[in-house]
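Trainee: Got a minute to go through this model with me? I'd like to talk about the helix packing.
Mentor: Sure, put it up.
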Number of protein chains: 2
Amino acid sequence: MLAEPSLAVFDSPLPLTSGASLPGGYQIAYETYGRLSPRADNAILVCHGLTANAHAAGRHAPADPKPGWWDQAIGPGRPLDTDNHLVVCSNLLGGCGGSSGPASPHPQDGRPWALRWPVLTIADMVDAQARLADRLGIERWRAVVGGCMGGFQVLEWLARYPARVDDALAISTSARVSAHTLALWEVVREAIRRDPAFQGGDYYGGPAPLAGMGLGTMFGMMIWMSRQVMAQRFGLRLAQGHEPRYTLEPEFAIQAFFQQVAQNGARGFDPNSLIYLTKAMDFFDLSRGRPSLAQAFAGGRARVLLVSYDSDWRYPPEDSEELRQAMAAAGLVAEHLVLHSEFGHGAFIYDSAGVGRAMAEFLA
Amino acid sequence: MLAEPSLAVFDSPLPLTSGASLPGGYQIAYETYGRLSPRADNAILVCHGLTANAHAAGRHAPADPKPGWWDQAIGPGRPLDTDNHLVVCSNLLGGCGGSSGPASPHPQDGRPWALRWPVLTIADMVDAQARLADRLGIERWRAVVGGCMGGFQVLEWLARYPARVDDALAISTSARVSAHTLALWEVVREAIRRDPAFQGGDYYGGPAPLAGMGLGTMFGMMIWMSRQVMAQRFGLRLAQGHEPRYTLEPEFAIQAFFQQVAQNGARGFDPNSLIYLTKAMDFFDLSRGRPSLAQAFAGGRARVLLVSYDSDWRYPPEDSEELRQAMAAAGLVAEHLVLHSEFGHGAFIYDSAGVGRAMAEFLA
C-alpha cells in the first residue's frame with residue numbers, strides 16, 4: 001500500500017488550555033488510507049503515541065525498507081480495513097513529523113519557535129485534530145483508535161467531542177499518568193537539557209543535543225522493556241566470546257544493545273518536540289477540574305473497547321478497569337479486554353495479533 | 001556512639017580476577033564498633049552496598065547531623081549488638097570513602113589513577129577484606145552480613161573463604177545480576193561518560209562531571225523507588241498551588257523531588273568509583289566457571305540466613321530461594337525469610353525493623 005503525506009494549514013488561532021493561543025498559520029501533517037464514503041460515515045482516526053508520526057501504514061515509496069508504524073493493523077483486509085474505511089492519522093501538534101512544533105518558524109521572526117513554543121495539552125492536540133476532521137468533511141468518526149498517548153487522545157475525544165465519536169478503542173492507556181511517569185519524563189527531559197549542545201533549546205542550525213537524546217532514549221528503553229524480556233532476549237550473554245575480559249567496555253550483549261539504542265534512537269526526532277509532547281502527557285488527567293472521572297464521559301453515546309495487557313505495569317489493567325467503570329457510570333457501553341503478552345507497554349505494536357483480532361471483532 | 005575512622009595500608013600487591021594485580025601500597029578505610037573478644041571469636045563483618053562506605057554506625061562527632069548508614073542495626077542492644085560483638089565495616093576497594101580507588105595517586109606518577117585503575121570484581125574486593133581481617137587478627141568471622149552488593153560480598157566470602165565464616169546473612173541479593181541490572185549500570189555509566197566534564201575520567205583538579213552524576217542518580221532513583229512508593233509519597237500533587245501553570249518547569253512534586261535528587265545525589269561520590277563499582281557488579285555471577293551454583297558453596301559449614309522482600313523486583317525472593325537451594329545442596333544450613341515491605345530494594349535500610357528482628361534472632 002502506498003501512503004501519501006498530506007498537509008493542512010489553519011488560519012485561525014487555536015485557543016489552548018493554558019490560556020495562551022497558537023497563532024494562525026500552523027499546519028497539521030496527516031496521511032489517509034482508503035476512501036471516504038459518500039455519506040462520510042466510514043472514517044477512522046488513528047492517534048499516534050509519543051515518538052510516532054502520521055505515517056501509520058504503507059510505504060511512501062515501494063523501496064522503503066519499513067512500512068508505517070502500525071502497518072500490521074491498517075490496510076486491505078486488516079483489522080482497520082481500508083477496503084471499506086478511510087483511516088486517518090495526523091501528526092501531533094507540537095511534534096516533529098510535519099505538523100507545526102518547536103522547530104517550525106515563528107510567525108514574527110521566521111526563526112524556530114524553540115522553547116517559545118507554547119505548552120500544549122492532549123486536549124489542545126485533540127482540538128487541532130477536530131479542526132482537521134472539519135477540513136476533511138468528517139463530522140463523526142466511525143471510530144477513534146489509539147494506544148498509550150494515542151489512548152489519551154481517544155479519551156479526550158470522548159470527553160470533548162462526545163457527539164463526534166461512534167466507536168472508541170483505547171489501548172494500554174489510563175485516565176491520568178502516574179507519579180512514576182511524571183518522574184520518568186522529568187529525567188528524560190533533564191538528560192536533554194543537561195547536554196551542553198541543548199543551548200536552552202536554541203540548537204537549530206548548530207549540533208543537536210544528540211548525547212542527551214541518546215541518554216533519554218536509553219533511559220526510556222530501560223523503563224519500556226520489561227525485566228523479563230531483557231532476560232529472555234539477552235540474559236547475561238557476552239557481546240563477544242565466552243569469558244569476560246574485565247574491561248571498561250560494554251562487555252555484555254544487552255549493554256551493546258543499549259549503546260545502539262543510544263546511537264540510533266536519538267536520530268530524527270526533535271529534542272524540543274520530545275520535551276513538549278512529554279509535558280502534554282504530564283498534564284493529562286481526565287479527572288482534573290471535574291467532580292468525578294465519570295463526568296468526563298457525560299453525554300457520550302460511544303461504544304468503547306478498552307484493551308490492556310497483563311504485563312503492562314506502566315498502564316496496568318486496573319487503569320483501564322477504572323475507565324470502564326467511569327464510562328459505564330456515564331451510560332456508555334464500555335467493554336474492557338485484558339490481553340496476555342510478555343511485551344508490556346509496547347505490546348499493541350510489537351505483539352499486535354491479539355489486539356488486531358479484538359479491533360476487527362469490535363468494529364465488525 | 002562515637003565512631004572513629006581507621007586506615008590499613010597493605011604492602012604486597014593484590015592479584016585480581018582479571019589477571020592483573022593492584023600494586024602494593026593500597027589502603028583500606030574501615031571502622032570498628034565494640035571490642036574484639038580475647039579469643040577473637042565475636043567479630044561481625046558488615047559489607048556495604050554501592051554508594052555507602054565504612055561509616056556504618058554512630059557519629060564521628062556528637063554534632064554530626066546523621067549517624068552511619070546502618071545505625072538502626074548496629075550499636076549497644078541493637079541487632080548487631082556492640083555490647084558483645086566487634087562490628088567491622090570497611091570501604092570497598094575501588095570506592096571513594098577512604099579506601100584506594102581511581103581518585104588515589106598512582107604509585108608511578110602520583111597523579112590520580114583515574115581510568116588506569118584496574119577493573120575489580122566482588123571477589124577481588126572480598127580478598128582485600130580478607131587481608132584486612134588478617135590485619136585485625138580475625139581468623140573467623142562470627143558473622144558476615146550485607147545487603148544487595150553487600151550481599152554479593154557475603155556470598156563471595158562463603159565461596160572463597162568457607163572456613164572463615166560461622167554465620168552469614170545475605171539480604172536482598174542474588175547469585176548474579178540480571179540483564180536488567182546490566183542495562184541499568186550501562187545507562188548510569190553512560191550518563192557520566194557523556195558529560196563533557198568527564199574528560200575521559202581525568203577530571204581531577206577540574207570541575208567534576210556533576211551533571212552526568214546527577215542524571216545517573218535520578219535514573220538510579222527511578223529504578224530504585226517503586227511505582228507504588230512514588231504514588232503514595234507524591235502522587236500527582238503539584239509542587240506549588242492547586243492548578244497546573246502549564247510551563248516548562250517541573251510543576252509536580254515528584255519532579256521537584258527528582259530535581260533535588262539530581263542536585264544532592266551527585267555530591268561527594270567520585271564518578272570514577274561509581275563506574276568501577278558498578279562494573280564489579282556487572283561481573284558478579286557465582287555460577288561462572290563452576291559446574292553448578294551449589295559448587296560455589298562446597299566445603300562450607302556456615303549457617304546462612306537469606307532475607308528477601310516481597311516488593312523487591314530487582315532481587316526478588318526467587319533469587320534468594322535459588323541460593324538457599326544451592327546452599328542446601330552443598331550441605332549448608334540455609335534458611336530463607338521473605339519479608340513484607342513497600343520499600344522494595346531499599347527495604348533493609350529504610351524499613352529495617354523486620355530484618356533487625358530476624359538478624360537478632362539469627363545471631364542469638
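Trainee: How many helices and strands are there in chain A?
Mentor: Chain A has 10 helices and 12 strands, taken as DSSP runs numbered from the N terminus (helices are H or I, at least four residues; strands are E, at least two). It's a predicted model, so local features need pLDDT of at least 70 and side-chain atom pairs pLDDT 80 or more, while totals for chains, interfaces and linings use all residues. Residues are numbered from 1 along each chain as its sequence is written, chains are lettered from A in the order written, and side-chain values use heavy atoms, without hydrogens and water.
Trainee: How compact is chain A?
Mentor: As compact as a globular protein of that length, because its radius of gyration is 21 Å, close to the 21 Å from the globule rule for 364 residues. That radius is over C-alpha atoms, and the rule is 2.2 Å times the number of residues to the power 0.38. The C-alpha atoms fill a box of roughly 65 × 50 × 50 Å along the principal axes.
Trainee: And what superposes chain B on chain A?
Mentor: A rotation of 180° with 0.0 Å of shift along its axis, at RMSD 0.0 Å, by least squares on C-alpha atoms of residues with pLDDT of at least 70 in both copies. That's the relation of a two-fold axis. Both copies use the same surface: 100% of the contact residues of chain B recur in chain A, contact being heavy atoms within 4.5 Å.
Trainee: Where does α4(A) sit relative to α4(B)?
Mentor: Helix α4 spans residues 210–224 in chain A and in chain B, and the two pack at about 10° with axes 11 Å apart. Axes are lines fitted to C-alpha atoms, for helices over the stretch in contact, with angles from 0 to 180 degrees between N-to-C directions. That makes α4(A) roughly parallel to α4(B) (under 35 degrees is roughly parallel, over 145 roughly antiparallel, 65 to 115 roughly perpendicular, the rest oblique).
Trainee: Which residues make that contact?
Mentor: Leu215, Phe219, Met222 and Ile223, from chain A and from chain B. By class that's 8 nonpolar, no polar and no charged (Ala, Val, Leu, Ile, Met, Phe, Trp, Tyr, Cys and Pro count as nonpolar, Asp, Glu, Lys and Arg as charged, the others, Gly among them, as polar).
Trainee: What about α6(A) and α3(B)?
Mentor: Their axes come within 9 Å and cross at roughly 45°, so α6(A) and α3(B) are oblique to each other. Among the contact residues are A:Phe258 and B:Leu182, and the classes are 6 nonpolar, 2 polar and 4 charged.
Trainee: Within chain A, how do α3 and α7 pack?
Mentor: At about 160°, with axes 10 Å apart, which means α3(A) is roughly antiparallel to α7(A). Their contact includes A:Trp185 and A:Met281.
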